[in-house]
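Reader: Hey, got a minute to go through the aromatic side chains with me? I'd like to talk rings and charges.

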Amino acid sequence: MGIGFLAIGFQPKWEDKDTPLLPMARFGIARKFFSKRGSALDVMHRTCTVQVATALFANSPFTKEKPNGFLSMRSHTWTDIDEKRTGMIPFVFNDSFGFERYIDYALDVPMVCAYRQKKYIDCAGMSFRDFMAGKLLSLPGEFPTLNDWENHLTTIYTEVRLKRYLEMRGADAGPLTMLSALPAFWVGLLYDEVSLQNVLEMISDWTSEERQMLRDKVPKTGLNTPFQGGLLKDVAESVIKWAKDGLERRSLEESVYLNELAEIVATGVTPAEKLLQMYNEKWGHNVDHVFEELRY
């Protein structure tokens, strides 16, 4: 069909106006809603994510055919959209956090659309609480279904999104070796009690200010971000080790999928920095080579 996949997190050449758009009603409503919100159109038109860990998987250093000053431009664009539905959620780290608290948060995120009779209805900025009371301006007298609630949850774009599962949204798209590393990374950490407890203990004294600082600086400085007297690379070394240990305790010979991440941590060189080196040397400052190097 003449379709190819590019293992990178941000379109390295096209601008928004050059990007072909899918003819979907929901996207049209979303584009209208987000069009005046900072980098929203960049996110919709020019980013590609596999949604995991930003520093390890940073892989979007080019914009408009040149280095953009970031290791993960994709991640950075998410900081300039709509603070009511993006970024960190500080209260999830509170001991009292639970499903009810998340529901209260999600109810106050402005709606984007609803789906009725095979059509998307523009509800931009309206309240789901009004919807539950039958007072939604776009659908007066109607009450939401569970499908409406699930649809609303998909318009929340926080770093981790809770639906019927936890969706980790931190990483740039990358080559197949990195795609294979993604599930291995999270399974080793989250599906193993020892590894999970190690992570919980490590982050137990991190303040909300420190977490936000990492969120703000990592897209630019990656593993070399200063943190607690060292570098984020030091944190990554521990995390990769725990992920590897967790996989090995499953006895399924899965830890091999972490080899690429182990090399990144050992060298401190992210995929984005490798691309920048090729751009400056092998590619002769011509970003077009990305379409040969990173296609699959």
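Author: Sure, here is a quick run through the ring pairs and the charges over rings in this predicted model.

Reader: How many aromatic pairs does a search of the whole structure find?

Author: The search turns up 12 aromatic pairs. One of them is Tyr-115 with Tyr-120, a tilted pair at 4.7 Å centre to centre, with 55° between the planes.

Reader: Why tilted, with 55° between the planes?

Author: Because edge-to-face needs over 60 degrees and stacked needs under 30, so what falls in between is called tilted.

Reader: OK, and are Tyr-115 and Tyr-120 buried or exposed?

Author: Partly exposed: Tyr-115 has a relative accessible area of 40%, and Tyr-120 has 29%.

Reader: What about Phe-128 and Trp-149, what kind of pair do they form?

Author: Theirs is edge-to-face, 5.2 Å centre to centre and 65° between the planes.

Reader: Where do those two sit in the chain?

Author: Phe-128 is in helix H5 (residues 128-132) and Trp-149 is in helix H6 (residues 146-153). They are 21 residues apart, and the pair links distant parts of the chain. Both Phe-128 and Trp-149 are buried.

Reader: Switching topic: which residues do ring pairs link into a cluster?

Author: Phe-91, Phe-97, Tyr-102 and Tyr-105. Phe-91 also has Arg-101 over its face, at 3.8 Å from the ring centre.

Reader: And which ring does the charged end of Arg-211 sit over?

Author: That would be Phe-93, with the charged end of Arg-211 at 3.5 Å from the ring's centre.

Definitions and conventions:
Residues are numbered from 1 along each chain as its sequence is written. This is a predicted model: local features need pLDDT of at least 70, side-chain atom pairs count only at pLDDT 80 or more; totals for chains, interfaces and linings use all residues. Side-chain values use heavy atoms; hydrogens and water are left out. Rings of Phe, Tyr and Trp (its six-membered ring) pair if their centres lie within 6.5 Å; planes under 30 degrees apart count as stacked, over 60 as edge-to-face and the rest as tilted. Buried means under 20% relative accessible area, exposed over 50%, partly exposed in between (1.4 Å probe, protein chains only). Helices (H or I, at least four residues) and strands (E, at least two) are DSSP runs, numbered from the N terminus. A charge sits over a ring if NZ of Lys or CZ of Arg is within 6 Å of the ring centre and within 35 degrees of the ring normal.
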